[in-house]
Amino acid sequence: MGDGRWRTAGSALMRVIVVWAVSTLTMLVLAGILPDFQLQSNDGDSITKTAFTAAWGAGAFGLLSALVWPVLVRALLIVPALVLGMLVFFLNGSLLLIALRLIPDGRGAADPQMAVVVAAVMSAVASATSTALAVRDDNAYRRRLSRLADRRRRRRSGRGGAADGGSPGTVFIQLDGVGHDVLAQAAADGLMPTVAHWLADGAGHRLTPWRTDWSSQTGASQLGILHGTNFDVPAFRWYEKETGDVMVSSRPASALEMQRRAVARTHDGGLLTLDGAGRGNLFSGGADQLALVLSMAARRGKGRRSRAGYFAYFADPANAVRTALSFVAEVGREIGQSTRARIRKETPRIKRGGLYPFIRAFATVVERDVVVAAVMGDMFAGRTAVYADLVAYDEVAHHSGPRSRDAEKVLARLDRSLALIVKVAEHTPRTYRIVLLSDHGQSPGETFAGVYGLTLKDLVRAGSGLPVPRRAQRTRSGSEARDAVRIALHRPVDGDRQENLANPSDPVVLASGNLGLISFPDIAGRASMEQLDHRHPALLSTLANHPGIGFLLVRSETHGSVVLGHGGTRIPVAELRDGHGPLAPFGAGAAAAVRRTDTFPHVADVMVNSMHDPETGTVHAFEEQIGSHGGLGGEQSRPFLLWPRGMTDPLDAAAAEGEEPSAELVGAESVHRVLRRWLNDVSGPQVPVGQRDRADGADAGTGPRG
């Protein structure tokens, strides 16, 4: 026992010496090639003296990084997360300047700008060296992870946390926006070798598609998956007449209210109530451990604790530098790719300037790195269930297209993140089952405004006899990443409150991908077709006969709710059939999806779904997106579920949870029942919300406690 401890201590000391030596050599090289960085006096020094100076400086910098950096990052949790990431270079450079001042006789000197460069290079080299040494010494690596896991388990046990026991844990990784066919093709083409290995004959995973609700977007899907219901979520954003507010799934206050309503409806805290963790999600799922969870950002005090996920990652200066450098590289990559698309006159194409390169870099680098690091920490700690959302592909596909080269490169980088998680699972204190899934896919196509020269709002105003701007006004794209950046900057997400209406009778027109919602604020309750025909005789016929629109849903006083299509087609909702009438191009399940949405209390006065071409799979988004989701039509309604063999078949799992037998998984609520069954198979039933004093749903996850 004593000999083993001495060997461990000796190995650790040797690794420190090697990292110190490499850092010293790096500092010497940088001093030799950089003009404003020196390690000698003005009169010159011997090689030995210069090497001693470099060793002193490298040691001081390493010590400051180890001791001072974590304190700085924790103190800066009040700073917006994105700003913290941008401060990385400045803080690291400041530590290097302090380290140089600690060198005897003042031989170390650097301009502030050069100090930033030197610090970044030294941190990256030290991180690479430490990683290489840890990988080569597998036994030491396993012992370190084991000790880390033991300490965390003891802390959790002392607080009454769940015991790991001998059951496996489960990690659910959501690849936001990746459709079933896109994933299968990426694996077949070699873009995602980790996924391809899982799908190989005799390998350990199985793949199946599932079908979304009419509202094929993250707000509805993830709420259903994590909390078991997405009832009364008609779209990504919708208007509520009783309050005059626009609910937006990516706005923290709206996300918290959606979560509260779901918990009140199900009387259950969520999928992750038993020793669970939520990372990068819109909703908590009832987890106690949270990082970057949107619904918690609306809660004073708790939102900051949810941002503590940034501390766990940026506390390591090497992580901070690596992510900051990758962030800058991603901004440059997006500028280069968008410039190339303009030069080649690629179509469809939308504007990708302004802040978008930074929004993309935040989604594809910062969020990815922080979320993946948090998941690995959860696995080291032996948590029972982890659910994490990686939004990188969804953000890029919106602007570049779901099958573009840009999107394919993002898939390749996501696969590397999956490979890292798989590698970590080999060293965790318990076995982990890794489940991959998506919340929706994306359908390609030129925007509605790009094809027809006017937005849906313009068309509604024209059909209502209201003034229309001479130039089509852009409908802002509403992606989760855009609002996540605003939250990271501590900026309010309030741009989607009720629009400034010149007249209270003006319609409120909202877009959710290729799904449009039209509401008339001055008509109490759900407006009827007869009321609209009396007030605006040309509106419904203008919309229903437009070539860019597939069908409308509206309530009739005499026929009940009806679907309207081209040429005066009018079919009562109760008589809708897949493959017939206006729903013919939209495939299986469309009729049931429309009927379900028609029962929602907050369904819009007029629901508008764009056209869909079954041969090309294209739709027309009512937002500035050439890859869209939110309505019916194409691959957006066909996400995937990828699970290890040996787990209960999804259809059997859904049936075991009380669902009617079916040939396919339909709706996010069905997926929730499957995932819950998989957790129950190894961990027993989840804790009912009533036993956790969470009846109002507001405390369904309160931030990190460790």
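Which residue stands opposite Arg 211 in strand 22? In this predicted model, Val 666 of strand 22 holds that place. The pair belongs to an open sheet of 8 strands with mixed pairing. A second open sheet has 6 strands with antiparallel pairing. The points below take up each sheet, the helices on it, a buried proline and a pair of helices.

**The sheet of 8 strands**

- The strands of this open sheet follow the order 8-7-9-3-10-21-4-22.
- Strand 8 (289-291) and strand 22 (665-666) are the edge strands; each has a single partner strand, so one side of each lacks a neighbour in the sheet.
- Strand 4 and strand 22 are joined in the parallel sense by 2 bridges.
- Strand 4 also pairs with strand 21, here in an antiparallel manner and through 5 bridges. His 205 stands opposite Pro 644 of strand 21.
- Strand 7 (residues 276-279) and strand 9 (residues 385-390) form a parallel pair over 4 bridges. Within this pair, Gly 278 has Tyr 387 of strand 9 as its bridge partner.

**Helices on the sheet of 8 strands**

- Helix 9 (residues 218-227) packs on this sheet and touches strand 3 (169-175), strand 4 (205-211), strand 9 and strand 10 (432-437). The direction of helix 9 makes about 175° with that of strand 9.
- Helix 24 (residues 668-683) lies across strand 3, strand 4, strand 9, strand 10, strand 21 (640-644) and strand 22. Helix 24 runs at about 175° to strand 10.

**The sheet of 6 strands**

- The order of the strands in this open, antiparallel sheet is 12-13-17-14-15-16.
- Its edges are formed by strand 12 (508-512) and strand 16 (570-572); each has a single partner strand, so one side of each is left without a neighbour in the sheet.
- From one strand to the next, the twist averages 20°.
- Strand 13 (residues 515-519) pairs with strand 17 (residues 606-610) in the antiparallel sense, over 4 bridges. Ile 518 has Val 606 of strand 17 as its bridge partner, and Leu 517 stands opposite Met 607 of strand 17.
- Strand 14 and strand 17 likewise run antiparallel and are joined by 5 bridges. In strand 17, Val 606 stands opposite Val 554.

**Burial of strand 17**

- In strand 17, 5 of its 5 residues are buried.
- The burial extends to both faces of strand 17. Val 606, Val 608 and Ser 610 are buried on one side, and Met 607 and Asn 609 are buried on the other.

**Helices on the sheet of 6 strands**

- Helix 18 (residues 456-463) packs on this sheet, where it touches strand 12, strand 13, strand 14 (549-556) and strand 17. The direction of helix 18 makes about 150° with that of strand 12.
- Helix 22 (residues 590-598) lies across strand 14, strand 15 (560-564) and strand 17. Its direction is at about 40° to strand 14.

**Pro 234 and its contacts**

- Pro 234 is located in the loop between helix 9 and strand 5 (237-240).
- The relative accessible area of Pro 234 is 1%; this residue is therefore buried, the cut-off being under 20%.
- Apart from neighbours within four places in sequence, Pro 234 is in contact with Ser 215, Leu 515, Leu 517, Thr 597, Phe 600, His 602, Val 603 and Met 607.
- Ser 215 lies 19 residues from Pro 234 along the chain, and the C-alpha atoms of these two residues are separated by 6.0 Å.

**The pair of helix 14 and helix 16**

- The axes of helix 14 (residues 356-381) and helix 16 (residues 405-425) come within 10 Å and cross at roughly 15°.
- Angles under 35 degrees count as roughly parallel, and helix 14 and helix 16 are therefore roughly parallel to each other. Their crossing is right-handed.
- Helix 14 contributes Arg 360, Arg 368, Val 372, Val 375, Met 376, Met 379 and Phe 380 to the contact.
- Helix 16 contributes Asp 406, Arg 413, Ser 417, Leu 420, Ile 421, Val 424 and Ala 425.
- By class, the contact of helix 14 with helix 16 comprises 9 nonpolar, 1 polar and 4 charged residues.

Technical notes. Residues numbered from 1 in each chain as written. Predicted model: local features only at pLDDT ≥ 70, side-chain atom pairs only at ≥ 80, totals over all residues. Heavy atoms only, no water. Pairing = 2+ DSSP bridges. Axes fitted to C-alpha atoms, helices over the stretch in contact; angles between N-to-C directions. Contact = heavy atoms within 4.5 Å. Parallel < 35°, antiparallel > 145°, perpendicular 65-115°, else oblique. Left-handed = near helix turned anticlockwise from the far one by under 90°. Nonpolar A, V, L, I, M, F, W, Y, C, P; charged D, E, K, R; others polar. Buried < 20%, exposed > 50% of the residue type's maximum accessible area, 1.4 Å probe, protein only.
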